[in-house]
Amino acid sequence: MAGQAAAIQFSPISLHHTSWTAKDGAPPSIIAIAQTPDRWMWLASQNGIYRFDGVRFERFHPPGGQQLGNDIWGMRVLSNGALWIGYRSGGVSVWHKGVLHNYGVADGFPVASVLDFAEDWRGRIWASTSLGFRVFDGKRWEKMDQSRSGKTGQCFLQTDPDKTIWARCDPGVFKLAKGDESFGEKYENLGFGRLSLARDGTVWATGGKPGELIPLIGPGKDRPLPDWPRPRESGGTMLFERDGQHAWLTRADGVMRIGPGEDPKPFGIPNGMSGNMPNCLYQDVEGNIWVGTENGLDRFRVPVLSGVAMPPIYWDAPAIAAGDNGALWVDGNEVKTPSYQTIAALPPQNENTAVSVIHKNGRDVWTGGRDGLWHYRDGKREHIALPDYATTMQFHSIAQDKDGGLWVAARDAGVIRLKDGEWQRGGGYKDLKRRADWIMQDHAGRIWFGYMDNSIRVLEDGKVRIYDVKDGLHVGTAEQIVESGDGVWIGGLNGLFHFDGKKFVQVIGQGDDALLGLSGIVDYGGALWLNGSAGVTIVSKRELEKALADPRYRFSFRRLDHKDGLSGVATTAFPLPSAVAGTDGKLWFSTTAGLFWLDTKAEMRNKTPPPVYVRGANVDGVAFPMSDQGSNQLPANPGRVQIDYTALSYTMPERMQFQYLLEGVDRGWQQGGVTRTATYTDLGPGDYRFRVRASNNDGVWSESDAVMAFTVQPAFYQTIWFRVLCAGLLALGLWAIYKLRVAQVSRAVAGRIEARMEERERIARDLHDTLLQTVQASLLQMQTATYRLPSDSQARHDIERSLDLAQSALEEGRDKVHDLRAAPGTDLADDVCRTIQAEHPTLALACKSDGDATLITPCVYDELRAISLEAVRNAARHAQASRISYEVSYGRDMLTLTVRDDGRGLPDVVQSAGQAAGRWGLVGMRERAKRLGGQIMLVSDAGKGTVVTVEVPGKCAYRPLAA
């Protein structure tokens with residue numbers, strides 16, 4: 001049911017407000033706020049000093065074990081960026097460039113409460129204490145001459161642009177002018193209270209009884225007092241904003257902002273303030289206003305959107321249209337200078353006058369509402385009669401065509417056209433009779449109609465064309481159609497569509513945001529401004545062009561929502577449109593909560609880049625402070641390393657974006673989003689560099705990255721010495737395995753040769769005891785038989801010759817048996833040479849031994865002797881050599897045999913095959929060498945002789961390894 005309500009401001013202060021209390025970690029009883037050049041926000045409370053980055057509050061603990069007191073009484077940042085802190089029980093601390101200094105009695109400072117600080121023209125620091133002023137010359141605190149000012153007691157201090165220090169104390173106001181060494185006589189008879197410096201240089205005192213606002217010096221001193229609301233008589237805090245137009249006052253019931261567009265009413269707990277008692281005011285670098293109360297902290301920032309609350313009366317939202325010269329039509333009223341006050345002063349609607357559509361064309365304005373259809377021109381208002389079938393006064397859209405006809409979409413009547421005083425249903429076209437939600441005429445004179453059934457109809461040259469799903473349209477209800485230089489844009493329940501004259505294409509934003517519920521489209525300043533269910537979306541034409549060129553492209557955009565001062569949502573029914581562009585550069589948006597606007601000529605972006613800091617690391621639940629100076633050490637084998645970082649931008653920290661990179665681990669920049677931690681697992685030992693950067697709420701990135709180097713300590717088994725030790729042990733183990741294997745091979749070779757020697761001895765015994773004995777007996781019998789034959793018998797002569805041959809064979813067999821059982825000699829070269837000389841007395845054979853002749857293992861000796869004899873005999877028999885040399889080298893690690901001749905050399909076919917056809921001498925030599933664990937090498941050159949080299953490892957050849 002419709003009600004009665006007038007437009008009002010959403011809040012007595014037209015800024016976006018946020019509060020933090022104990023539930024958010026804010027300290028109670030904040031008595032002072034300051035910001036140092038590094039952008040940290042400092043909060044002085046009865047619980048100590050806190051730092052705030054816009055998200056987290058942390059009790060400040062200086063590094064190096066130094067301490068800050070808890071009973072803080074005053075705090076101020078001076079020109080060099082140092083933070084000065086005074087205590088109720090006496091003493092001063094100063095934090096500057098990461099170093100804390102504490103001053104007390106030993107430094108000349110009295111046991112007295114310290115309220116405020118100031119810097120004089122000489123650069124000396126003045127402290128206001130309960131026992132008077134003390135001044136610091138860089139080494140000690142000295143008591144100053146108070147013969148003229150008297151016992152001032154505690155004072156609030158303020159320095160003006162001329163370096164004059166003003167002190168407001170219990171006895172009155174005093175000043176220390178440039179060139180003076182001490183405060184002079186009383187300047188103004190005002191009691192204890194605050195001082196404030198305006199942008200124009202005027203020093204103001206608040207709380208005085210005559211007007212409660214006293215200019216002490218500056219341009220404001222000679223002007224009439226401004227008509228400020230009265231602060232509390234005891235003297236409240238006052239702050240002048242840097243814009244030079246607004247000032248803040250603290251009262252017992254909240255704070256007030258005075259200036260253009262503000263309602264002179266207090267902002268207190270009923271409005272969301274954190275506490276009843278505002279203790280201090282502060283404006284930061286970005287222009288935000290901060291208030292410290294007994295319960296917490298409050299921030300006020302300039303929103304992108306300004307607004308006036310207009311609760312729904314009959315329709316979902318106010319009907320709007322742009323007027324001339326910056327004017328705005330709101331419902332049935334023309335507001336020539338729209339502002340908080342003028343819009344809030346509009347009369348409330350009721351169910352009899354509620355307007356649902358406004359159409360302006362040149363000097364003509366048409367409105368449709370509960371009281372019918374009206375025409376405005378030159379200040380005159382004319383009622384337009386409707387046809388009898390238009391019984392319900394619920395209008396959706398109004399447009400005019402090039403012929404002067406008026407098109408109206410009404411609930412019961414559908415689409416009707418007024419021309420020459422006559423109404424026609426559908427304008428005379430049967431396809432246009434149904435009610436449309438939107439009607440628009442384009443530059444070519446075509447009339448566009450948008451419907452709830454996902455269709456659009458276009459009237460051109462007396463013909464109606466219908467577009468729907470077959471043409472790519474999936475908009476649902478077409479709530480607004482806007483012609484642009486690059487085509488036609490359609491907004492509706494299902495998002496934003498573009499028509500290029502042939503087909504409809506939907507464009508989608510990053511994160512697959514379809515921009516649902518669009519009922520307001522404004523083409524302004526190279527971008528589309530879209531009012532929908534998610535808020536006001538700003539998309540540049542360049543991004544839209546990319547999306548139209550590539551259906552897969554997701555355009556980037558900027559979204560304005562409740563954080564930017566918007567309340568409610570755009571209507572998805574009517575009044576339409578929900579967004580219009582004023583003629584003065586202001587854009588207007590209507591929602592279910594009221595009317596909102598922004599001035600496109602004003603600065604919308606926060607251009608202050610945020611500084612970035614790495615706060616520390618947490619390793620498996622244990623905190624490790626990090627410093628950008630010196631070495632940062634993390635323990636060995638860290639399981640989970642969480643690196644905390646932050647950036648200092650206080651306007652909208654919830655919209656800041658972070659990117660980070662751990663060099664050597666991350667391949668590229670990681671998107672941290674709004675979170676302020678980076679987590680890594682199982683980092684190995686070594687040196688690392690962590691880098692992080694941030695953008696503020698408007699995408700302005702930090703000027704430099706925060707870089708933090710740290711080292712993960714190695715465990716004992718990850719150290720170089722441990723790896724070297726392991727490598728040494730591995731090498732020793734491999735060497736031991738090699739030695740063991742060599743010993744095993746040597747024993748195996750020695751065992752095989754020993755077995756062969758035993759077999760030879762057995763064969764020798766068997767031959768001697770069987771074959772040779774039997775042959776000897778046979779010979780004796782045959783000799784006996786021979787004696788019985790006549791001496792001149794031919795048969796006897798034949799048998800005797802046979803007996804001689806058999807006797808020779810028997811002797812040769814005995815020699816072989818002897819060789820099988822004979823013990824090896826001690827000099828292989830001498831043994832081989834004697835044997836060859838016996839066989840070939842005329843052969844020129846040179847024999848040589850190199851090194852001490854070592855007793856060779858018997859089985860090895862025999863194999864080497866056989867190889868040597870075979871090699872020398874081959875040289876003597878086949879090479880036709882004139883000279884042969886035979887050398888034996890007894891090396892400790894290798895025994896080497898070498899046979900050289902100057903013969904004709906081996907044929908190529910023998911060298912390639914490794915043996916002569918049908919002969920096995922060379923093959924046997926290789927087999928013998930292989931059984932000894934050695935190798936044989938043969939080099940032959942036709943006409944130049946042959947060299948045969950045999951190498952046997954000493955471990956296999958010499959007797960000690962065979963033992």
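Let me begin with helix 6, whose buried residues are Cys859, Val860, Tyr861, Asp862, Glu863, Leu864, Ile867, Ser868, Leu869, Ala871, Val872 and Ala875. I should say at once that this is a predicted model, and that everything I describe this morning was computed from it. At 1.5 Å a residue, the 21 residues of helix 6 should span 30 Å, and since its end C-alpha atoms are 30 Å apart, the expected and computed spans agree. After helix 6 comes Gln880, which has a positive phi near 55 degrees.

From that helix I would like to move to the nonpolar core around it. The largest nonpolar core has 36 residues, and those that touch the most other members are Leu828, Leu845, Leu864, Tyr886, Leu895 and Leu897. At least two residues of this core come from each of helix 5 (828–839), helix 6 (858–878), strand 64 (884–890), strand 65 (894–901), helix 8, strand 67 (945–953) and helix 9 (954–957). Helix 6 gives the most, with 9 residues. If we then take Leu864 and leave aside residues up to four places away in sequence, we find that Leu864 touches Leu828, Ile856, Leu895, Leu897, Leu932 and Val952. There is also a second, separate core, of 29 residues, and among its members are Ile30, Leu43, Phe52 and Ile72.

Helix 8 was one of the contributors to the largest core, and a few words on that helix are in order. Helix 8 covers residues 921–931, and its buried residues are Leu922, Val923, Gly924, Met925 and Ala929. Just after helix 8 we meet Gly933, which takes a positive phi of about 80 degrees.

Now to the cysteines. How many disulfides does a search of the whole structure find? The search finds 2, and, if the bonded cysteines of the protein chain are numbered in sequence order, the pairing reads 1-2, 3-4.

In one of these, Cys155 and Cys169 have their sulfur atoms 1.9 Å apart, and the link is right-handed, with 105 degrees about the S-S bond. Because Cys155 lies in strand 15 (residues 155–159) and Cys169 in strand 16 (residues 165–169), the pair ties together parts that are 14 residues apart in sequence. Cys155 is buried, with a relative accessible area of 0%, and Cys169 is likewise buried, with a relative accessible area of 0%.

The other disulfide is formed by Cys833 and Cys847, whose sulfur atoms are 1.1 Å apart in the model. Here the link is left-handed, with -100 degrees about the S-S bond. Cys833 lies in helix 5 and Cys847 in strand 63 (residues 845–850), so this pair ties together parts that are 14 residues apart in sequence. Is each partner buried or partly exposed, judged by relative accessible area? Cys833 is buried, at 8%, whereas Cys847 is partly exposed, at 34%. For two further cysteines, Cys726 is partly exposed, with a relative accessible area of 35%, while Cys956 is buried, with a relative accessible area of 10%.

I will finish with two sheets. One is an open sheet of 4 strands in the order 31-32-33-34, with antiparallel pairing. Strand 31 (355–361) and strand 34 (380–384) stand at the edges and have a single partner strand each, so one side of each is left without a neighbour in the sheet. From one strand to the next, the twist averages 20 degrees. Within this sheet, strand 32 (residues 364–369) and strand 33 (residues 372–377) run antiparallel and are joined by 6 bridges; Val365, for instance, has Tyr376 in strand 33 as its bridge partner.

The other open sheet also has 4 strands, here in the order 7-8-9-10, with antiparallel pairing. Its edges are strand 7 (72–77) and strand 10 (99–103), each with a single partner strand, so one side of each is left without a neighbour in the sheet. The twist in this sheet averages 15 degrees from one strand to the next. Strand 8 (residues 83–87) is joined to strand 9 (residues 92–96) by 4 bridges, and the two run antiparallel. Which residue of strand 9 is the bridge partner of Gly86? That partner is Val92.

Terms used: Residues numbered from 1 in each chain as written. Predicted model: local features only at pLDDT ≥ 70, side-chain atom pairs only at ≥ 80, totals over all residues. Heavy atoms only, no water. Buried < 20%, exposed > 50% of the residue type's maximum accessible area, 1.4 Å probe, protein only. Core = buried A, V, L, I, M, F, W, Y, C linked by side-chain atoms within 4.5 Å. Contact = heavy atoms within 4.5 Å. Pairing = 2+ DSSP bridges. Axes fitted to C-alpha atoms, helices over the stretch in contact; angles between N-to-C directions. Expected span 1.5 Å × (residues − 1). Disulfide = S-S within 2.5 Å.
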